[in-house]
Amino acid sequence: MTADVPPHARPALSPGYRFQWEAAQDAYVLLYPEGMVTLNESAAEVLRRCDGERTVQGVIDDLQAAFPGAELDEDVKEFLAQARERGWIRVE
Amino acid sequence: MRTSKSSWPKPGNGGGSVSSDAIKPPLWLLAELTYACPLQCPYCSNPLELGRRRDELDTETWLRVLREAREMGATQLGFSGGEPLVRQDLETLVEQARRLGFYTNLITSSVGMDEARVERLRAAGLDHIQISFQASDEELNDLLAGTSAFEHKKAMARAVKRAGFPMVLNFVLHRGNIDRMDDILHLADTLDADYVELANTQYYGWALHNRARLLPTREQLNQAESTARAWRERVGERMKIYYVVPDYYEDRPKACMNGWGKVFLSIAPDGTALPCQAARQIEGLAFPNVRDAGVRHIWFESDAFQRFRGFDWMKEPCRSCPEKEKDFGGCRCQAFQLTGDAANADPVCAKSPHRPRIDRAIEQANSAAPAQPLVFRNPRTGRQLRRS
């Protein structure tokens with residue numbers, strides 16, 4: 001079981017990680033030393049908001065405004081916990 | 001924004017809905033800028049024929065190759081060699097690569113680097129530097145490298161981190177240093193490394209020639225694996241430890257390059273395009289050169305890149321093997337160099353009729369140490385080996 005990222009923490013991409021659009025893959029990707037993850041649209045929407053400024057709750061509120069009606073709260077928390085465990089994001 | 005407000009799929013990995021039969025563009029471009037290297041490691045995977053510096057591609061041609069590969073969709077770019085720092089145009093190439101949107105990796109011994117050059121590379125937009133060490137102490141490190149480099153490497157590892165790069169250290173393991181893995185990990189931890197790659201030697205090029213002196217014993221490997229495990233538990237996420245097992249001790253082959261001509265494109269210093277750095281030795285294949293053809297043509301059209309794509313080329317036991325889509329029959333170069341036919345199963349596979357060749361090498365490693373001395377990598381010993 002992965003530990004939750006606290007709601008008031010401010011997630012940011014880890015040093016050495018880069019988030020960018022790849023036309024050839026028609027997807028956003030996360031690039032890191034000698035590796036790449038292709039992201040689905042929701043994962044990209046979450047990660048693009050991990051800017052070290054927004055809190056976890058801020059990311060969720062922002063997404064909720066962009067995707068009204070979607071039940072995304074739990075998905076986002078779970079995804080952020082996994083992203084931290086995989087080293088994609090850091091939480092200061 | 002490309003998202004539709006009505007859909008919220010569960011966040012995760014995604015994309016890549018292209019049919020699996022289509023040839024996809026390369027994701028990885030390895031630019032072997034030069035075979036020149038101030039080190040003489042006897043486990044080097046470079047070919048015995050190191051070529052001449054005047055045959056190396058010029059800056060303009062490399063810039064074109066980068067542009068063409070990036071246009072096709074390659075995202076990861078490795079600058080390697082030899083020692084890529086030998087090339088004085090490295091910063092120019094890095095700058096262009098970064099501008100094109102590549103994630104740029106520099107794979108280096110750090111010899112030829114100083115703090116000013118680390119800063120220049122940083123300013124050019126380099127994303128990541130991997131520094132190789134030969135061992136955890138000065139004496140063995142410098143013996144294996146054939147030059148005095150240990151203190152410099154430590155200083156450069158620190159400089160890399162100070163400049164804001166993740167610190168990624170690489171140690172190639174073999175019989176002569178694998179017993180010191182605990183010390184190796186101590187060194188990495190002391191340096192505050194973010195990633196440590198502990199890669200058992202792969203037996204190509206110089207390493208194959210020196211195999212009898214490099215292949216560890218089974219007991220050494222068991223010990224090394226438990227050391228890696230213990231360290232992983234101790235350091236957790238603080239320092240990521242990758243341990244690469246030697247394929248000789250497995251009974252199924254590695255999924256070499258994730259398949260021939262599938263994701264990986266390597267360009268040798270003279271411009272020869274290869275599906276794997278070691279492929280050049282395979283006889284009967286004419287590898288294209290970027291001086292004569294565009295990268296797109298090379299990747300999609302050339303005979304050499306088509307030769308082992310898919311499964312039609314396979315012989316038994318691969319052809320009817322249920323695992324062929326997992327490991328693609330292993331490594332074509334290893335099949336060629338150990339069986340004489342690159343279309344054979346990788347002899348590491350227990351199903352291969354040639355597996356006894358691997359077993360004999362293992363037996364030899366586990367018996368008394370052989371007498372033949374290590375041959376260090378340099379142009380002079382290369383000439384001698386090719387003559388003999």
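Is Asn200(B) buried or exposed? In this predicted model, Asn200(B) is buried, because its relative accessible area is 4%, which falls under the 20% cut-off. Asn200(B) lies in strand E6 of chain B, residues 195–200. Its side chain makes a polar contact with the side chain of Tyr243(B), at 3.2 Å. Tyr243(B) also appears among the sequence-distant contacts of Asn200(B), together with Val244(B), Val245(B) and Pro246(B). Leu173(B), Ile178(B), Pro216(B) and Leu221(B) complete that list, which leaves out neighbours within four places in sequence.

**Nonpolar cores**

In soluble globular proteins, nonpolar side chains tend to be buried together. Two cores are tabulated here.

| Core | Residues in core | Named members |
|---|---|---|
| Largest | 83 residues | Phe79(B), Leu169(B), Leu198(B), Tyr248(B) |
| Second, separate | 29 residues | including Val46(A), Leu47(A), Leu63(A), Ala70(A) |

The four residues named for the largest core have the most contacts inside it. Helix H1 of chain B, residues 59–72, gives this core its largest share, six residues.

**Phe79(B) and helix H2(B)**

Beyond four places in sequence, Phe79(B) touches Leu90(B), Leu93(B), Val94(B) and Ala97(B), among others. Those four are also among the buried residues of helix H2 of chain B, residues 90–100. Glu91(B) and Gln96(B) are buried in H2(B) as well. Other contacts of Phe79(B) include Ala31(B), Leu33(B), Pro84(B) and Ile107(B).

What do the buried residues of H2(B) pack against? Their partners in chain B are strands E1 (28–34), E2 (76–81) and E3 (103–108), plus helices H1 and H3 (115–124). Just after H2(B), Gly101(B) adopts a positive phi of about 100 degrees.

Technical notes
Residues numbered from 1 in each chain as written. Chains lettered and ligands numbered in written order. Predicted model: local features only at pLDDT ≥ 70, side-chain atom pairs only at ≥ 80, totals over all residues. Heavy atoms only, no water. Helix = DSSP H or I, 4+ residues; strand = E, 2+ residues; numbered from the N terminus. Buried < 20%, exposed > 50% of the residue type's maximum accessible area, 1.4 Å probe, protein only. Polar contact = N/O pair within 3.5 Å; in protein donor to acceptor, adjacent residues only side chain to side chain. Contact = heavy atoms within 4.5 Å. Core = buried A, V, L, I, M, F, W, Y, C linked by side-chain atoms within 4.5 Å.
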